[in-house]
Amino acid sequence: MHSPSPLPLVDLPVRRLTRRDLVACADLSEERGWPRDEHRWGLLLSAGTGYGIAEPDGKGLVAACVVTSYGPRLAAVGMLLVAGRHARQGIARRLMRHVMDETGSTPLALYATPQAQRLYEELGFAHVGRTERVLGPFQAEDRPSAVTTRAAAADDLQAMVRLDLPVFGVDRTHIIARLPAFSDRLQVAEENGELTGYAALWPSGDAHAVGPLIARDTATAKALVTALAATTDRPLRADVDARHEELHGWLVERGLEPGSRTAVMTYGIADLPGDATRRFAPLTIATG
């Protein structure tokens, strides 16, 4: 008897990923030339919902992505990866269509690499902005900032959530509550006892990533970055909203090199919610 023909890869079932799939997800990242970032995958798979297509032999993943839900008003799609040996076979499209079916009427947001942007456009996503990555050793300014910052304390979390809500536009308490454990450093800015900004520093490959970066103004954002940079010897990385040209230029002046760009894209909503004037950088482009 002949054994049944294997399913074409594009017809393989999509399954939910869990933290047990963390190493396989990190392997997929590494295979595509991204940092393994097991630390970030751990956050994404615990705070969000992972979707994947397993290899027919059960060893590893053909593809993966993660959806971070913020309730009925927004979900972020990130880390859409297809193993290089299976590229250009319609697998990314298949996985995205599955995710769009699963999220139903919930508006979606994502940050697209130039290579993936056309796929998302064909699926109905609209280009609404971009981020510009900077990476490198940070050289502090000689003069101290006039903005007061300090390490965040446990009792700052509620104030951070209150500050964040109008800026991000939807409630992400489930993400903010994970920042103390996820971050190597969590910093807040304050004036007269009121929080005016906050930012986290977390490990990614050989660098430390800055994000989220929420601040009342550019001076506050600069002070938070400077304070975080003082706590690490690693290069800094940030994905700066392109509308914040002053901060981006300042980071380049401070020694960081301009890098890749990502397109901010939405589906079912005209733009990201919230206040872009105070939203300087995302936690990670995977979480919106």
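Buried means under 20% relative accessible area, exposed means over 50%, and partly exposed lies in between. Keep this in mind for the exercises below, which all concern a predicted model.

**Exercise 1. Classify E38 and find its salt-bridge partner.**

Step 1. The relative accessibility of E38 is 34%, so E38 counts as partly exposed.
Step 2. Look for a partner of opposite charge. Side chains of opposite charge can pair when their charged atoms come close. E38 forms a salt bridge with R36, and their closest N and O atoms are 2.8 Å apart.
Step 3. Check the partner too: R36, at 23% relative accessibility, is partly exposed.
Step 4. Widen the view. Salt bridges with shared partners join D27, E30, R36 and E38 into one network.

**Exercise 2. Describe the salt bridge between E132 and R261.**

Step 1. The side chains of E132 and R261 meet at 3.6 Å, N to O.
Step 2. Place both residues in the chain. E132 belongs to strand 6 (residues 126–136) and R261 to strand 12; the two are 129 residues apart, and the pair links distant parts of the chain.
Step 3. Apply the opening definition. E132 has 13% relative accessibility and is buried, whereas R261, at 48%, is partly exposed.
Step 4. For another example, take D21 and R15, whose closest N and O atoms are 2.9 Å apart in their salt bridge. Here D21 is buried at 10% and R15 is partly exposed at 34%.
Step 5. Put these pairs in context: the whole structure has 23 salt bridges.

**Exercise 3. Explain why C25 and C65 are too far apart for a bond.**

Step 1. Recall the bond in question. A disulfide is a covalent bond between the sulfur atoms of two cysteines.
Step 2. Use the cut-off: the sulfur atoms must be within 2.5 Å.
Step 3. Compare. The cysteine sulfur closest to that of C25 is in C65, at 9.7 Å, so the two are too far apart for a bond.
Step 4. Count the disulfides in the structure: there are 0.
Step 5. Add the surroundings. C25 is buried, with a relative accessible area of 0%, and C65 is buried at 0% as well.

**Exercise 4. Decide how enclosed helix 2 is.**

Step 1. Helix 2 covers residues 38–47, and 7 of its 10 residues are buried.
Step 2. Name the buried ones: R40, W41, G42, L43, L44, L45 and A47.
Step 3. Conclude. With that many residues buried, the helix is largely enclosed by the rest of the structure.

**Exercise 5. Locate P107 and list its contacts.**

Step 1. P107 sits in the loop between helix 3 and strand 5.
Step 2. With 12% relative accessibility, P107 counts as buried.
Step 3. Setting aside neighbours within four places in sequence, P107 touches P72, R73, L74, A75, Y267, G268 and I269.

**Exercise 6. Characterise the largest pocket and the second largest pocket.**

Step 1. Start with volume. The largest pocket holds about 1100 Å³ of space.
Step 2. Find its centre: among its 38 lining residues, W34, L80, T113, Q115 and A116 are the closest to it.
Step 3. See what builds the lining. Strand 4 gives the largest share, 6 residues, and by class the lining has 19 nonpolar, 9 polar and 10 charged residues.
Step 4. Repeat for the second largest pocket, with a volume of about 250 Å³. It has 15 lining residues, and E141, R143, P144, S145 and A146 lie nearest its centre.
Step 5. Finish with its lining: helix 8 (residues 218–229) supplies the largest share, 5 residues, and the classes are 8 nonpolar, 3 polar and 4 charged.

Terms used:
Residues numbered from 1 in each chain as written. Predicted model: local features only at pLDDT ≥ 70, side-chain atom pairs only at ≥ 80, totals over all residues. Heavy atoms only, no water. 1 Å grid on protein atoms, 1.4 Å probe; cavity = no way out; pocket = protein on both sides within 12 Å on 5 of 7 lines; lining within 4 Å. Points joined across faces, edges and corners; volume = space filled by probe spheres on them. Helix = DSSP H or I, 4+ residues; strand = E, 2+ residues; numbered from the N terminus. Nonpolar A, V, L, I, M, F, W, Y, C, P; charged D, E, K, R; others polar. Buried < 20%, exposed > 50% of the residue type's maximum accessible area, 1.4 Å probe, protein only. Contact = heavy atoms within 4.5 Å. Salt bridge = Lys/Arg side-chain N within 4 Å of Asp/Glu carboxyl O.
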